[in-house]
Amino acid sequence: MHPSSRQGYLDHMELHQVRYFLALAQSLNFTRAAEACNVTQPALTKAIQRLEAELGGVLLLRERSLTRLTPLGEAMLPLLEVSYQAAEAARAQAANFGREEATPLRIGLTRSLSTGLLAPILNELTPLFPRLELAIECAAAEPLCERLRDGGLDVALMRAPERLPERLHRWTLYDEGLVLLMPAGHALAAIDLLPASALATLPLIGRHDELDILIGPCSVRRHHASDEASVQALVALGLGCAVAGARTALAPGLIARPVDLPAHPIVLATIAGRPYGAAVDGFVRLARARSWDPVR
């Protein structure tokens with residue numbers, strides 16, 4: 001039988017037989033090969049004999065103290081080496097699979113966007129990555145772009161600034177209008193669409209300079225807070241109103257009324273040309289494929 005025709009037999013061999021043969025081919029000594037494989041010499045000899053029976057020929061010749069490979073043994077050696085290395089690599093990969101490190105996913109959000117926007121995507125993503133390690137960072141658009149560039153973030157959802165850096169890949173997900181958050185029973189609650197001029201006379205609660213970004217410079221401002229929950233808590237206390245994105249999830253006791261201001265595109269951004277892991281790629285694909293239905 002030609003050596004190449006014997007390759008089909010590799011599927012029927014036991015891995016330890018191949019390992020014994022490779023050790024023996026290296027040392028050309030049955031005693032040393034048995035010690036290297038941590039088996040008895042009779043066990044190694046029987047395994048080699050079974051391998052020879054499966055391949056249909058003698059692999060080694062023993063002449064007194066001299067052991068050498070036969071022509072068949074020499075032909076089979078490189079094939080068995082490749083097969084053994086591939087099997088070992090597969091076994092190591094399978095063993096490491098259960099010990100994989102956490103899969104990081106670092107997402108940036110502009111502060112006017114609610115983290116609730118991520119829920120539908122993460123609900124689909126987390127079953128695919130049981131070791132997902134999520135980090136969410138909220139900031140204005142420019143700092144988020146910097147964080148993307150320096151590698152601190154993998155992806156960002158943001159209210160698009162006037163100019164995005166050229167290195168960014170960006171996809172528009174939807175256009176979002178603005179709403180005014182107020183306590184239930186507020187004097188403006190009966191108005192279906194608030195004129196932008198109404199904001200000029202209201203005490204507004206905002207996150208640092210975010211109100212300037214959303215609606216321009218404000219002449220009236222009373223309170224500041226660093227996060228969405230704190231802003232809404234102050235609104236619930238009756239200390240003022242807050243401007244937010246139309247998709248913002250409301251705390252109990254609050255209502256939202258649309259403001260007659262232009263909608264802004266919400267974009268998904270990553271760094272162009274940067275390689276990403278499967279979790280980041282999955283997040284981008286799910287976000288782009290999602291149907292971002294208009295808020296009613």
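Colleague: Hi! Which residues of helix 8 are buried?
Modeller: Hi! In this predicted model, helix 8 covers residues 228-236, and its buried residues are Glu228, Val231, Gln232, Leu234 and Val235.

Colleague: And where do they sit around the axis?
Modeller: They are on the same side of helix 8, because the arc they cover is only 155°.

Colleague: What do the buried residues of helix 8 pack against?
Modeller: Their partners are strand 7 (178-183), strand 8 (205-206), strand 9 (223-224), strand 10 (242-245) and strand 11 (254-258).

Colleague: OK, and what follows helix 8?
Modeller: Glycine 238 does, with a positive phi near 85°.

Colleague: Let's switch to the open sheet. What is the order of its five strands?
Modeller: The order is 4-3-5-12-6, with mixed pairing. Strand 4 (132-139) and strand 6 (168-176) are the edge strands, each pairing on one side only. On average, neighbouring strands of this sheet are turned by 20° against each other, direction ignored.

Colleague: How many bridges join strand 3 to strand 5?
Modeller: Three, and the two strands run parallel. Leucine 109 stands opposite leucine 157 in strand 5.

Colleague: Which strands does helix 6 touch where it packs on the sheet?
Modeller: Helix 6 (residues 141-149) touches strand 3, strand 4, strand 5, strand 6 and strand 12 (264-271). Its direction makes about 165° with that of strand 5. Helix 9 (residues 278-289) packs on the sheet too, touching strand 3, strand 4, strand 5, strand 6 and strand 12; the direction of helix 9 makes about 45° with that of strand 3.

Colleague: New topic, salt bridges. How many does a search of the whole structure find?
Modeller: Six. One of them pairs aspartate 154 with arginine 106, with the closest N and O atoms 2.7 Å apart.

Colleague: Which parts does that pair tie together?
Modeller: Aspartate 154 is in the loop between helix 6 and strand 5, while arginine 106 is in strand 3, so the bridge ties parts 48 residues apart in sequence.

Colleague: Is aspartate 154 buried or exposed?
Modeller: Buried, at 7% relative accessible area. Arginine 106 counts as partly exposed at 29%.

Colleague: What about glutamate 146, which side chain does it meet in a salt bridge?
Modeller: That of arginine 149, at 1.9 Å from N to O. The two are three residues apart in helix 6, so about one helical turn separates them.

Colleague: And what does aspartate 150 pair with?
Modeller: Arginine 147, at 3.8 Å from N to O. Aspartate 150 is exposed, with a relative accessible area of 53%, and arginine 147 is partly exposed at 29%. Through shared partners, salt bridges join Glu137, Arg147 and Asp150 into one network.

Methods
Residues numbered from 1 in each chain as written. Predicted model: local features only at pLDDT ≥ 70, side-chain atom pairs only at ≥ 80, totals over all residues. Heavy atoms only, no water. Buried < 20%, exposed > 50% of the residue type's maximum accessible area, 1.4 Å probe, protein only. Helix = DSSP H or I, 4+ residues; strand = E, 2+ residues; numbered from the N terminus. Arc of directions from axis to C-beta. Contact = heavy atoms within 4.5 Å. Pairing = 2+ DSSP bridges. Axes fitted to C-alpha atoms, helices over the stretch in contact; angles between N-to-C directions. Salt bridge = Lys/Arg side-chain N within 4 Å of Asp/Glu carboxyl O.
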